[in-house]
Structures are given as C-alpha cells and as structure tokens.
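Me: Please take a close look at one part of this structure. I should like to know how it is placed and what surrounds it.

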Amino acid sequence: MAAIDLEAAGAQALAGLSLREDQPIAFWKHSSEATRKASAAVTRRLETYIRAGSLGGKTEWGAAMGCAYALRMSVLDGIKLPRIRKKRVTGVVLCLDYPQQKFSVQPAYLRLLGNWPHKIRWKQDGIVGSLTVKPIGATDDESTWSEVSFISQANLKAGTGARGVDWVHADEPPVERVWREFRKAAHAGEYIYLWITATPLYVSQYGWLRDEYEKQYEGREHHGRIELRLRSLYYDPATGERKSDNAALTTEDLQQLEWRYEKDNAARGPLGG
C-alpha cells in the first residue's frame, strides 16, 4: 500500500476549508424537493411563494437565491440560473422590521457570502442597509458589482421608490402595498424575479397572500405564480413517525420541535406552514 503524504493531505484539506469559507454558496445544497422546485420556478419567472414551518429552511433557500443572483452564478445546485444582461445586478430583500432582519434573513445572506469580496453599508448598529457584492469573474471595478438593498417595511415612511430592480426576496409575508409596488419595479423591457419565504402566523400579515395564492392551485403554476409548502414537522399517517420536508433537520431537531409546540394550539403555522 502506498504511503499517505500527510502533509499534502493536510494542505489539501485546508485548501478545501478555505474555499468553503471564501465561497460557501458554492457548496450549498437544496434541503428539500420543495426548495429545488422553487428554484426552478423562479428561473422560469414565476412569482414563487414558499409557505413553510419554523426551521423549514425557507430563509436559507431565499438567501441562497439572492446570493446566487448577486454573484451572477450560472448554476445553483444543479438548477441553471438565467443571465441578467446588465452592467449591474440590483436586488432587494424585504424584511418585516429591523429585529427580524437582524436576527433572521440578514445573517443568512452574510453567512452564504462568507469571505467572498463584498462591502457592507451599515444603516445603524447591527443593521445592514445594503451589500455590494463582487460577481464571479468580475474585476475590482465596484461600479459593476451587484447591489443588494435591505428594506424594513415597518420603517418605511413613504413609498418604496421601487424601480430598476432585477430581483426581490420577501422574508416573511410582505406588506401587500409594498409587494404590489415591487411587482412593477423591473427595468424597462426587462423581467423581475420574485420570491416570498414565509411562516403563516398572523392572518393580518398573510391573509392577502392566502387570497392571492388560491389553495386549489398549491404546488401548481397559476397566473404566473406558484405556492409551495414546506413542512418542518409532520407525522407519517401509516407509522406515526416524525418526518420533515427539510432533509437538514436531524431526529433530535424534530424531537425539539415537537416538545416546543406540543401544548401550542396554534402550532399549525410554525410546524406545517
């Protein structure tokens, strides 16, 4: 048996670790068939709504799509992405408020960008106003880098000023008026890519989405839109076994979810989407 060069093997392992830190999005994988289907739907210019339970993987997927467009990736885990033929890609992440941004969707974007070249413009303590991201293969000319703006809907004092946007990700149910404005925010003669990732907790927030995405069309394209469900915890009707649509959740994760919501009469949204 040939001797193993431990030094070379160690160097190779460190190089792999460095690459994961520099560009974690390159190693990202869909954690469910629902998110894979959602990625394909967005690329087909369908407005895509993932209705998911807590820990269903919705925010991670939504951020992966945003990062992939900002980086001008051609493929995301086997899904071919469209080429945006403009000098600069511009995207928007809609948040409910600053706390939801700071502790949920913002960390997902920063985690997936890793050490890849990007610059952060801070709005206030711990709150990102925008990200400037170097696309793969781009030069150091920052005028060609992608821009991702974070908007807290609770802090909007007037209109959105939405225009000239290539993609929009709403994490949690967007305000109806705001979402309708962004639907019309594409560059002249161009398409806009739209996706929503939300856990339906309060009818006051998601009620209009329930009306917009009619239940009988769940999982199917209808009028340029599609709604996909992502369950974080459900029980096999035949065996009673705990299961999840999110393959990244372990048996221990599912047990914790079950305990967390076992006495919660309103657990349908947090668990089943």
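Reply: The account below starts with one helix and then turns to its surroundings.

The model is predicted, so local features are described only where pLDDT is at least 70, side-chain atom pairs count only at pLDDT 80 or more, and totals for chains, interfaces and linings use all residues. Residues are numbered from 1 along each chain as its sequence is written, and side-chain values use heavy atoms, with hydrogens and water left out.

The part chosen is helix α5, residues 176-183, whose buried residues are V178, W179 and F182. These three cover an arc of only 95° around the axis, which puts them on the same side of α5; the arc is taken from the directions that lead from the helix axis to the C-beta atoms. Helices (H or I, at least four residues) and strands (E, at least two) are DSSP runs, numbered from the N terminus. Buried means under 20% relative accessible area, exposed over 50%, and partly exposed in between, with a 1.4 Å probe and protein chains only.

The buried residues of α5 pack against five strands and a helix, namely β1 (47-52), β4 (90-95), β7 (146-152), β8 (167-171), β9 (193-198) and α6 (203-212). Contact here means heavy atoms within 4.5 Å.

Within α5, F182 counts as buried because its relative accessibility is 1%. Leaving aside residues up to four places away in sequence, F182 touches V92, L94, I151, T160, A162, V165, V168, I192 and L194. G164 lies 18 residues from F182 along the chain, and the C-alpha atoms of the two are separated by 9.7 Å.

One of the strands against which α5 packs, β1, leads on to a further strand. Six bridges join β1 to β10, and the two strands run parallel; strands pair if DSSP finds at least two bridges between them. In this pairing, I50 stands opposite L228 of β10. Strand β10 spans residues 225-230, and five of its six residues are buried, so β10 is largely enclosed by the rest of the structure.

Both β1 and β10 also help to cover another helix, α2. In α2, residues 33-43, the buried positions are A34, T35, A38, S39, A41, V42 and T43. Their cover includes β1, α3, β3 (79-80), β9 and β10. After α2 comes R45, whose phi is positive, near 70°. Strands β1 and β9 thus appear in two settings: the buried residues of α5 pack against them, and they are among the elements that cover the buried residues of α2.
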